[in-house]
Amino acid sequence: MAKLWGGRFSKNTNELVDAFNASIDFDKRLYREDIRGSIAHAGMLAKCGIIPAEDGEKIIAGLKDILADIEAGNFSFEVALEDIHMNVEARLTERIGAAGARLHTARSRNDQVALDMHMYMKREVAEIAELLIRFEKAVLTVAKKHDKTLMPGYTHLQRAQPITLAHHLLAYFNMLQRDFRRLLGVWEGADMMPLGAGAIAGTTFPIDRFDVAEQLNFGKVYCNSMDAVSDRDYVIEFLSFASTLMMHMSRLSEELCLWSSTEFAFIEFDDAFATGSSMMPQKKNPDIAELVRGKTGRVYGHLMGMLTTAKGLPLTYNKDLQEDKEGFFDAVDTVKFTLQVYADMLLTMTVNVDKMAEAVSKDFSNATDLADYLVRKGLPFRQAHEVVGKCVAYAILNGKFLPEISIEEYKKFSELFEEDLLVALEPYNCVAARKSYGGPAFTENAKQFVLGDEVLAEQEAKLAELMAKL
C-alpha cells in the first residue's frame, strides 16, 4: 500500500513505524461517531456549495452503508490505514470513487478525531449517568430496608458510636450524588464542537461550523481553532471524575471485605458474587470488591498518564495526544463494569442484623451518650468526658460493659448518675436521640430517604435531557 499522505516522500514508512503509529486497534470503537461526524460534515460542505450536491449525497449514502457493514461485522479494519478515519475514508473512496476523496475537504484528522472524542464522551457520560443512578437506587433501597438495623460506627477503625446501616449507606449515597454532579461537569466540557478548526488555523473554505454543531446536537462551538485541536481538558475531567468515583467505590469495597470476614460477619455475599479457593474448600472470597479496590489504582494511573502527557505539549496538535484514548477507554469500561456489578451485588447480599446488633451491645460505643447524660444533669462536658473515661477504665478492669455496672458503682464516679442512665445507654436510644440534622436518628433517616427519592427524580430528568441531546 502506498504511503499515506506521501506526496513529499520518496520512501515508504518502516513497517515498525507503521505499527507504532497505528491506533486502529483501539480507536475503532469510535466508528459511530466518526461516520456520524462525516455525514454532518459532508452535508454542510454540499449545503455551502463547497462540494457538488450530488457528491454530498453519494458520500452520505456510502457512509451509511459502511456503518451498516461495521454493525453487521462485515468490515475489515486495516492497520496500514492507521486509524478509524482513514479506514472509513479509504473504504468510502473505494466504493464511490472520486466523490469519496472530497469528504476530507476543509478538515484535518486533528479536528476530526477531536470531534469523535467529544461525541463519544457525551454518549459514554449519558450511559454512565444511567448506571450511576441505578447504583444510587440500589444503595437507597438497601438503606431503606435497614433503617432500624443497628451497627457500630467507626473512627480509626475502632468502634466509636452506635449508628444504623441505613445511615452508613446514606453516607455513600451522598458521595454518589457529588459524583453525579461531577459527571454533569464532564458533559459540559465535552459539549463543544471542534470540527472546522482544521489542523491549527481553520480553513479558507466558507464552511458553516454552527450548522454542523446543530446537526450533531452540540451546545457550543470552539471559538479558537488552536484550542479546539489541542484541548483534552474534557478527557482529564472525565478521568478525574472516574478517579473520584472509584475512590468512593474502593472505600465501600474495603468495608464490604471487612464486613464479610469471619471477624466481623456483618454481611454475606450471594454465591453469584463470590468465588472459592483452589486449595481451601471452605473459602468464600469477596473477589469483586477486591477487584474494584484494585482497579481504582489503574484508573488513577490513567489520570496521571493523561496529565503527564499533556503537561509539556506546545500548541497545537502533537502525536502524543494519540495517548488520550486507551486510558480513557479503559477507565470508561472499568467504571461501567463497577457500577453495574455493584448494584446487583449490593441488592443480593445478606445482612446479618443480629450480628451487627450484638456488636453495639458488646462494646463501649455508648460512652459518649453517657457523657451527654451527665451534661444534661448539669456537668460541663469536659468534666463529664473525664468521668466517663474513668468509668470505661473501671469496666475494662472488671471485665464488664457500661450497662453491666451497677448504680452503686457508678455513684463512686459521680453523684449525678441515676437509674435512668441505663435507658441512655441502650444502643437503640443512643441512635434515636441523635436528631441533629444529618444525624443517624431514625427520624432523620426518614427525611433523608425522602430527599434521596427527590434527588434521584432530578437526576433522571437530567439524564433524559442528556439523552435527547445525543
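**Turns, crossings and a cavity in a predicted model**

Modeller: Thr 316 sits in the loop between α12 (287-311) and α13. Keep in mind that this is a predicted model.

Colleague: What makes the peptide bond from Leu 315 to Thr 316 cis?

Modeller: Its omega is near 5 degrees. Most peptide bonds are trans.

Colleague: What stands out about the phi of Asn 217?

Modeller: Phi is positive there, about 60 degrees, and Asn 217 is not a glycine. Most residues other than glycine have a negative phi. Asn 217 belongs to the loop between α9 (209-215) and β4 (220-221).

Colleague: Now the helices. Why is α5 called roughly perpendicular to α7?

Modeller: Two packed helices are described by the angle between their axes and the distance between the axes. Here the axes of α5 (residues 84-96) and α7 (residues 109-145) come within 10 Å and cross at roughly 105 degrees. The range for roughly perpendicular is 65 to 115 degrees. Therefore α5 is roughly perpendicular to α7.

Colleague: Which residues make that contact?

Modeller: Ile 84, His 85 and Met 86 come from α5. Arg 109, Gln 112, Val 113 and Asp 116 come from α7. By class, the contact of α5 with α7 has 3 nonpolar, 2 polar and 2 charged residues.

Colleague: How many aromatic pairs are there?

Modeller: The count is 14 aromatic pairs.

Colleague: Why is the pair of Phe 238 and Phe 328 called edge-to-face?

Modeller: A pair of aromatic rings is described by the distance of the centres and the angle of the planes. To pair, ring centres must lie within 6.5 Å, and planes over 60 degrees apart count as edge-to-face. Phe 238 and Phe 328 have centres 5.2 Å apart and planes at 90 degrees, so the pair is edge-to-face.

Colleague: What does the pair tie together?

Modeller: Phe 238 lies in α11 (residues 233-259), Phe 328 in α13 (residues 326-348). The pair therefore ties together parts that are 90 residues apart in sequence.

Colleague: How many cavities of 30 Å³ or more are there?

Modeller: There is 1 cavity of 30 Å³ or more. The largest cavity has a volume of about 50 Å³.

Colleague: Which residues line the largest cavity?

Modeller: The lining consists of Leu 170, Phe 173, Asn 174, Gln 177, Gln 448, Leu 451 and Gly 452. Both α8 (165-190) and α20 (442-468) supply at least two residues each. The most come from α8, with 4 residues.

Colleague: What is the make-up of that lining by class?

Modeller: It has 3 nonpolar, 4 polar and no charged residues. Gly counts as polar here.

Conventions: Residues are numbered from 1 along each chain as its sequence is written. This is a predicted model: local features need pLDDT of at least 70, side-chain atom pairs count only at pLDDT 80 or more; totals for chains, interfaces and linings use all residues. Side-chain values use heavy atoms; hydrogens and water are left out. Axes are lines fitted to C-alpha atoms, for helices over the stretch in contact, and angles run from 0 to 180 degrees between N-to-C directions. Angles under 35 degrees count as roughly parallel, over 145 as roughly antiparallel, 65 to 115 as roughly perpendicular and the rest as oblique. Contact means heavy atoms within 4.5 Å. On a 1 Å grid over the protein atoms alone, a cavity is a set of points where a 1.4 Å probe fits but cannot get out, and a pocket is an open set with protein on both sides within 12 Å along at least five of seven lines; lining residues have an atom within 4 Å of a point. Grid points are joined across faces, edges and corners, and a volume is the space filled by probe spheres set on the points. Rings of Phe, Tyr and Trp (its six-membered ring) pair if their centres lie within 6.5 Å; planes under 30 degrees apart count as stacked, over 60 as edge-to-face and the rest as tilted.
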